[in-house]
Amino acid sequence: MSAKILDGRATAAAIKTELTTRVEALKARGVVPGLGTVLVGDDAPSQKYVAGKHRDCAQVGIASIQRELPATASQEEIEAVVRELNEDPACTGYIVQLPLPKGIDTNRVLELMDPAKDADGLHPVNLGRLVLNEPAPLPCTPNGIIALLRRHDVEIAGAEVVVVGRGVTVGRSLPLLLTRRSENATVTQCHTGTRDLAAQLRRADIVVAAAGVPHLIKPEDIKPGAALLDVGVSRDENGKIVGDVHPGAAEVAGWVAPNPGGVGPMTRAMLLANVVDAAERNAG
Ligand SMILES: Nc1nc2c(c(=O)[nH]1)N[C@@H](CN(C=O)c1ccc(C(=O)N[C@@H](CCC(=O)O)C(=O)O)cc1)CN2
């Protein structure tokens with residue numbers, strides 16, 4: 001079997017076209033949505049991701065507000081930028097690019113954000129709203145995964161989903177989204193401490209791999225026909241992405257989200273969607 005592709009680039013492009021129309025409608029009412037980013041330090045992948053977010057903004061007509069701080073920035077200096085963006089009327093929503101440099105209290109920075117401007121859905125108030133099933137901006141990668149599956153008609157309702165990973169941007173919140181009544185999946189959360197990962201994977205209809213362990217998911221552990229979404233990002237000696245899923249797994253799976261080209265572009269599209277949602281909410 002050769003798997004069908006969950007093409008994140010094409011799907012994100014379609015979503016961006018839809019968002020462009022919504023942005024034009026906002027502008028016709030005198031509202032210009034603005035995305036702010038806070039980038040601290042010189043981590044090359046983070047610089048690339050932030051640059052990509054601003055390229056996307058230009059494509060759909062969202063204004064860009066970029067704040068950059070050196071790796072030596074203090075907690076207070078970062079918090080001052082967060083306070084400034086909280087007050088800036090041109091900034092509809094913003095993100096603090098993660099990870100922050102060692103020694104910075106990330107949770108304190110995130111908690112200082114205005115939850116109404118949290119374009120990443122990672123503020124504790126918004127994560128709490130997700131738990132309580134209240135409206136909130138949704139975390140971009142988990143929301144992007146669901147949009148990617150839906151737009152390719154992969155059945156989520158009733159599916160056995162194994163999520164591998166427990167990080168804050170994907171693993172922690174994805175099961176919350178997948179178990180909402182609107183999705184109705186049954187989720188098993190695994191991680192690097194799971195005793196028999198292979199046994200869990202073998203019965204999964206959908207596998208989301210976000211552990212950051214190169215080729216953790218082996219072809220022999222995949223149920224034939226399953227959907228495989230690789231979110232793991234490790235880098236080889238040339239800086240090339242190595243995912244969590246062994247390339248041979250595509251021979252067994254029914255659907256594969258490649259890495260790169262799968263979930264990453266969807267993360268960026270969902271970020272724009274959160275900004276446009278917030279601008280529409282603010283405009284009434
Ligand atoms: N504040 C946040 N920080 C981080 C998040 C996040 O959602 N919010 N997620 C990741 C990084 N990330 C977004 O910030 C991100 C990762 C990957 C991509 C992407 O488009 N990747 C491309 C490949 C790019 C490459 O070649 O390196 C792809 O998969 O095709 C977008 C966003 C951690 N930090």
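Strand β5 and strand β7 (residues 206-209) pair in the parallel sense, over four bridges. Strands here are DSSP runs of type E with at least two residues, helices are H or I runs of at least four, and both are numbered from the N terminus. Two strands count as paired if DSSP finds at least two bridges between them. In general, strands of a sheet pair through backbone hydrogen bonds, either parallel or antiparallel.

A quick word on what you're looking at: this is a predicted model, where local features need pLDDT of at least 70 and side-chain atom pairs count only at pLDDT 80 or more, while totals for chains, interfaces and linings use all residues. Residues are numbered from 1 along each chain as its sequence is written.

Back to β5. Strand β6 (residues 186-190) also pairs with β5, again in the parallel sense, this time over five bridges. Here are some residues of β5 with their partners:

| Residue in β5 | Partner | Partner strand |
|---|---|---|
| Valine 162 | Threonine 188 | β6 |
| Valine 162 | Valine 207 | β7 |
| Valine 164 | Alanine 209 | β7 |

How covered is β5 (residues 160-164)? Four of its five residues are buried, where buried means that 20 or more other C-beta atoms, placed from the backbone, lie within 10 Å of a residue's own (12 or fewer is exposed, in between is partly exposed).

Now zoom out to the sheet. Six strands make up an open sheet with parallel pairing, and the order runs β1-β11-β8-β7-β5-β6. At the edges sit β1 (4-5) and β6, each of which pairs on one side only.

What about the domains? The domain assignment, automatic or from a database, gives domain 1 (29-115) and domain 2 (140-264). Their C-alpha centres are 28 Å apart. The ligand lies between the two domains, because both of them give residues to the shell around it.

That shell has 20 residues, and Tyr49, Ile95, Leu98, Pro260 and Gly264 come nearest to the ligand. A residue is near if its C-beta atom, placed from the backbone, lies within 6 Å. Two or more shell residues come from each of α2 (44-60), β4 (93-96), α6 (140-151) and α9 (263-283). By type, the shell splits into nine nonpolar, eight polar and three charged residues. Nonpolar here covers Ala, Val, Leu, Ile, Met, Phe, Trp, Tyr, Cys and Pro; charged covers Asp, Glu, Lys and Arg; the others, Gly among them, are polar.
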